[in-house]
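Q: I am new to this structure and should like to learn how to read its features. May we look at the chain together, one topic at a time?

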Amino acid sequence: MNETRHVVAIVDDDPRLLESMGDLLESAGYVARGFPSAGSLLVSGLSDLDLLITDIGMPGIDGFELRDLVRKSRPELPVFLITGRHEIADQGRAQGGGGFFRKPFDAQALLTAIANALRESRDGG
């Protein structure tokens with residue numbers, strides 16, 4: 001089996017979420033890379049990523065800003081937003097484009113959305 005594993009980055013300032021999301025993604029066959037901030041992801045680079053999952057409410061660069069920065073350099077990279085703050089979840093800005101999940105989210109629904117986004121990305125959208 002020579003199939004390359006997809007690389008999924010998770011950006012969240014909650015170390016427990018980074019660990020649990022990493023475990024979930026690894027168990028589903030993905031390479032998970034966790035980052036405690038948007039800045040740490042940007043320093044690491046975007047070139048080897050296949051999908052990005054980012055929390056919205058973080059200090060410094062928030063998830064909306066990170067999504068916008070990523071779209072400038074990697075417009076084809078699928079970006080999923082997650083939040084536990086329901087007032088943010090109801091904003092149109094959160095719903096527009098890409099995946100959106102409210103914490104706590106259904107793990108199987110997230111994995112299905114990731115698989116679909118990667119398939120669409122591979123097939124040219």
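**Reading the fold and its features**

A: Let us begin with the secondary structure. The chain, shown here as a predicted model, holds six helices and five strands.

Q: In what pattern do these elements follow one another along the sequence?

A: The order is β-α-β-α-β-α-β-α-α-β-α. Contacts add to this picture: among those between residues at least 6 apart in sequence, 63% join residues at least 24 apart.

Q: How many of the residues count as buried?

A: Of the 125 residues, 42% are buried. As for the surface, the chain exposes about 6700 Å², and carbon and sulfur atoms supply 51% of that area.

Q: Which residues of the largest nonpolar core touch the most other members?

A: A nonpolar core is a set of buried nonpolar residues joined through their side chains. The largest one here has 18 residues, and those touching the most other members are Leu25, Tyr30, Leu51, Ile53, Phe80, Leu110 and Ile114. At least two residues of this core come from each of strand 1 (7-11), helix 1 (15-27), strand 3, strand 4 (79-83) and helix 6 (107-122). Another core, of 14 residues, lies apart from it and includes Ala9, Phe35, Leu46 and Val79.

Q: With which residues is Phe80 in contact, leaving aside its neighbours within four places in sequence?

A: Phe80 is in contact with Leu51, Leu52, Ile53, Thr54, Gly99, Phe101, Leu110, Ala113, Ile114 and Ala117.

Q: How does one read a helix such as helix 1, and what should its 13 residues span?

A: One may compare its length with the expected rise. At 1.5 Å a residue, helix 1 should span 18 Å, and its end C-alpha atoms are indeed 18 Å apart. One may then ask which residues are covered: Leu17, Leu18, Met21, Gly22, Leu24 and Leu25 are the buried residues of helix 1. Viewed down the helix axis, they fall within an arc of 165°, so they line one face of helix 1. On the other side, Pro15, Arg16, Glu19 and Ser27 are exposed.

Q: Against which elements do the buried residues of helix 1 pack?

A: They pack against strand 1, strand 2 (31-35), strand 3, strand 4 and helix 6. A residue of strand 2 illustrates this: Ala32 is found there, and Gly22, Leu25 and Glu26 are among its contacts.

Q: Where does UniProt place the feature "modified residue: 4-aspartylphosphate"?

A: An annotation from a record is best read beside the structural setting of its residue. The unreviewed UniProt entry places this feature at Asp55, which is found in strand 3 (residues 51-55).

Q: Is Asp55 buried or exposed?

A: The cut-off for a buried residue is a relative accessible area under 20%. Asp55 has 5%, and therefore counts as buried. Leaving aside neighbours within four places in sequence, Asp55 is in contact with Val11, Asp12, Asp13, Gly63, Ile82, Thr83 and Lys103. Thr54 is also found in strand 3 and is buried, at 0% relative accessibility.

Q: Which residues does a cis peptide bond join?

A: Most peptide bonds are trans. In this model, a cis peptide bond joins Lys103 and Pro104, with omega about -10°. Pro104 lies in the loop between strand 5 (99-102) and helix 6. Lys103 has already appeared above, as one of the contacts of Asp55.

Terms used:
Residues are numbered from 1 along each chain as its sequence is written. This is a predicted model: local features need pLDDT of at least 70, side-chain atom pairs count only at pLDDT 80 or more; totals for chains, interfaces and linings use all residues. Side-chain values use heavy atoms; hydrogens and water are left out. UniProt positions are given in the numbering used here, feature names are shortened, and annotations may be inferred rather than shown by experiment. Helices (H or I, at least four residues) and strands (E, at least two) are DSSP runs, numbered from the N terminus. Buried means under 20% relative accessible area, exposed over 50%, partly exposed in between (1.4 Å probe, protein chains only). Contact means heavy atoms within 4.5 Å. Accessible areas come from the Shrake-Rupley method with a 1.4 Å probe; for residues, only the protein chains shown count as cover. A nonpolar core is a set of buried Ala, Val, Leu, Ile, Met, Phe, Trp, Tyr and Cys residues joined through side-chain atoms within 4.5 Å. The expected span of a helix is 1.5 Å times one less than its number of residues. The arc is that of the directions from the helix axis to the C-beta atoms.
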